[in-house]
Amino acid sequence: MIAPASTSAATVPRSVRLGYGLGSLCTGTFSTVPGLLLLYYMTDVLAVPAWIAGLVVFLPKAWDLIINPYVGQRSDRTVSRFGARRPWLLLGALTLPVTFALTFVGPPLTGMPAALYVGVMFLLTATAYAFFEVPYKAMPAEMTEDYHERSSLLQWRMVFLGVAILVSGALAPTITRVEDPGGSAGGYRLMGVIVGLLLLAGMLGCFFGTARAPVVYRTEAEPSLRRQIAVARGSRPFLTLLGLSCAQMFAVGVMLAGAPYLAAYVLGDPEATTTLFLCLVGPVLLTMPLWVWLSKRLEKRGAMLWSCALFGGGALGMIPASHFGSLQVHLWVVVVGVGYAGLQLMQVSMLSDVIAHDSLTTGKRRAGVFTGLWTACETVTMAFGAMALSWVLGLAGFVESSGSAVVAQPQSAVEAVRSGVTALPAVFTALSAVLTIVYPLNAAVLEEAHGIAEAREKRRERPAPEEGHGSGQAAT
């Protein structure tokens with residue numbers, strides 16, 4: 001096992017918490033803007049058929065199943081004056097903003113040529129994002145071994161995540177309508193550049209802000225992707241958490257991708273995309289301390305169940321509300337937002353617990369293995385949610401357009417938007433609640449594992465008996 005860099009479980013300095021939190025300006029923005037706008041951009045601006053647009057969103061993310069574990073493995077092995085993770089943060093900062101902007105700042109294409117261009121650029125963007133995100137998510141488990149300190153550290157991450165989602169989710173749709181209230185290619189190009197600069201600021205802030213981050217231990221790399229998968233399969237807590245997280249990310253992916261369609265074709269107001277997002281992410285900033293408190297009082301599993309109930313219940317409440325007007329829908333989205341805040345915090349906090357549990361029970365440090373696979377599955381399932389919605393719209397007869405003319409949608413397509421953005425996320429959130437019930441880790445289990453690990457280390461440190469003493473051999 002690689003020797004620890006420090007044996008202390010001291011509190012992470014506030015400056016490092018701030019610097020680490022800045023990285024969520026990247027993760028929140030990148031998880032929001034493409035999920036919110038990319039599918040709509042292709043179907044309603046570039047005139048790409050819905051089912052093809054769904055594939056373009058999904059296939060680059062499927063690449064994450066290969067690139068993310070690879071980055072996790074390489075960052076586990078990295079040795080540099082910047083540490084193991086931070087060189088990868090810098091690499092992501094130098095590549096992601098450029099490729100993201102170019103995804104929207106492209107030649108004047110429509111239809112299949114536009115789909116091909118966006119697909120290639122989004123593939124490069126997904127690769128650049130992996131450089132940053134995989135090492136970034138591995139860092140909390142290496143900064144502290146304390147169960148509740150990880151939740152406190154990740155609270156800062158979630159605050160910045162909420163700010164990023166709030167700013168990018170509200171700002172990006174507004175910028176796209178600078179030239180045309182319905183959204184135009186020029187508006188999307190401007191949005192790509194501005195969001196790229198926001199990504200750059202957050203990623204560089206994280207790189208410099210974590211320069212003094214404590215490292216309680218260094219992780220070990222697995223030699224191959226097959227071995228990484230074998231490690232993951234051997235951890236029941238990881239598999240359970242991965243399953244419930246994928247169900248939740250599918251639900252979030254559907255809801256994000258469907259928001260512009262809900263605003264335009266159900267509420268009849270494309271600009272409502274911005275206000276819907278304000279209702280969704282505003283509770284992330286306001287309720288985060290509540291979720292930290294609940295995670296301590298009810299355990300993280302109990303807090304996760306409450307999060308599922310609010311997210312899924314709010315989604316179901318939007319179905320009847322959509323028949324009565326925009327205000328009622330917005331109120332139910334606030335309920336969804338409160339649940340979404342809890343889902344986000346509990347996921348990342350429970351992942352750190354899974355990494356710590358694996359370390360205590362196996363004696364190995366494999367944060368990169370778990371975060372690589374986790375991040376890959378998370379992004380793939382979010383993209384699959386968008387693709388599933390595109391298939392639903394395609395089957396319902398949704399009509400694509402170039403953004404220069406208003407296209408009346410058949411009633412079947414409008415109803416597909418209504419049910420797809422509400423009922424489908426609710427079903428998958430309910431599935432995640434079932435998996436949460438059987439999730440095996442809590443503070444007591446981790447404390448027991450910690451005691452076993454300490455006893456194992458004491459046995460290793462006990463000096464061997466000197467030769468000739470107590471061996472039963474007679475002196476010559």
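# A tour starting from Met-191

Begin by selecting Met-191 in this predicted model; once its neighbours within four places in sequence are left aside, Met-191 is in contact with Val-33, Leu-37, Phe-104, Ala-172, Ile-175 and Thr-176. Keep Met-191 highlighted and add Tyr-41, Met-42 and Phe-238, since these four are the residues that touch the most other members of the largest nonpolar core, which has 127 residues. Now select residues 236-266, which form helix H10, and you will have the element that gives this core its largest share, 17 residues. For a second core, separate from that one, select Ile-67, Ala-130, Phe-131 and Val-134, which are among its six residues.

Next, select residues 86-104, which make up helix H5. From its first C-alpha to its last, this helix of 19 residues reaches 28 Å, close to the 27 Å expected at 1.5 Å a residue. Where along H5 should you look for a bend? Centre the view on Thr-95, where H5 bends by about 30°, and then find the proline that follows within four residues, Pro-97.

Staying with H5, colour its buried residues, including Trp-88, Leu-89, Leu-96, Pro-97, Phe-100 and Phe-104. Which helices do the buried residues of H5 pack against? Show helix H2 (24-44), helix H4 (64-77), helix H6 (111-143) and helix H8 (185-209), and you will have the partners against which those residues pack.

From there, move to Tyr-117, which lies in helix H6. Is Tyr-117 buried or partly exposed? Its relative accessibility is 22%, and because buried means under 20%, Tyr-117 counts as partly exposed. Not counting residues up to four places away in sequence, Tyr-117 touches Leu-102, Thr-103, Val-105, Gly-106, Pro-107 and Leu-109. If you draw a distance between the C-alpha atoms of Tyr-117 and Phe-104, which are 13 residues apart along the chain, the viewer should give a separation of 9.7 Å.

Finally, zoom out to the whole chain, whose secondary structure comes to 17 helices and zero strands. Of its 476 residues, 59% count as buried, and residues 24 or more positions apart account for 84% of the contacts with a separation of 6 or more.

Before you finish, colour the chain by pLDDT, which averages 85, with 88% of the residues scoring at least 70. Over residues 1-9 the pLDDT is below 50, although this stretch has 17 contacts in the model beyond near neighbours in sequence. Over residues 470-476 the pLDDT is also below 50, and that stretch has zero such contacts. Where pLDDT is low, the predicted coordinates should not be read in detail.

Terms used. Residues are numbered from 1 along each chain as its sequence is written. This is a predicted model: local features need pLDDT of at least 70, side-chain atom pairs count only at pLDDT 80 or more; totals for chains, interfaces and linings use all residues. Side-chain values use heavy atoms; hydrogens and water are left out. pLDDT is the predictor's confidence in each residue, from 0 to 100. Contact means heavy atoms within 4.5 Å. A nonpolar core is a set of buried Ala, Val, Leu, Ile, Met, Phe, Trp, Tyr and Cys residues joined through side-chain atoms within 4.5 Å. Buried means under 20% relative accessible area, exposed over 50%, partly exposed in between (1.4 Å probe, protein chains only). Helices (H or I, at least four residues) and strands (E, at least two) are DSSP runs, numbered from the N terminus. The expected span of a helix is 1.5 Å times one less than its number of residues. The bend at a residue is the angle between axes fitted to the seven residues ending there and the seven starting there.
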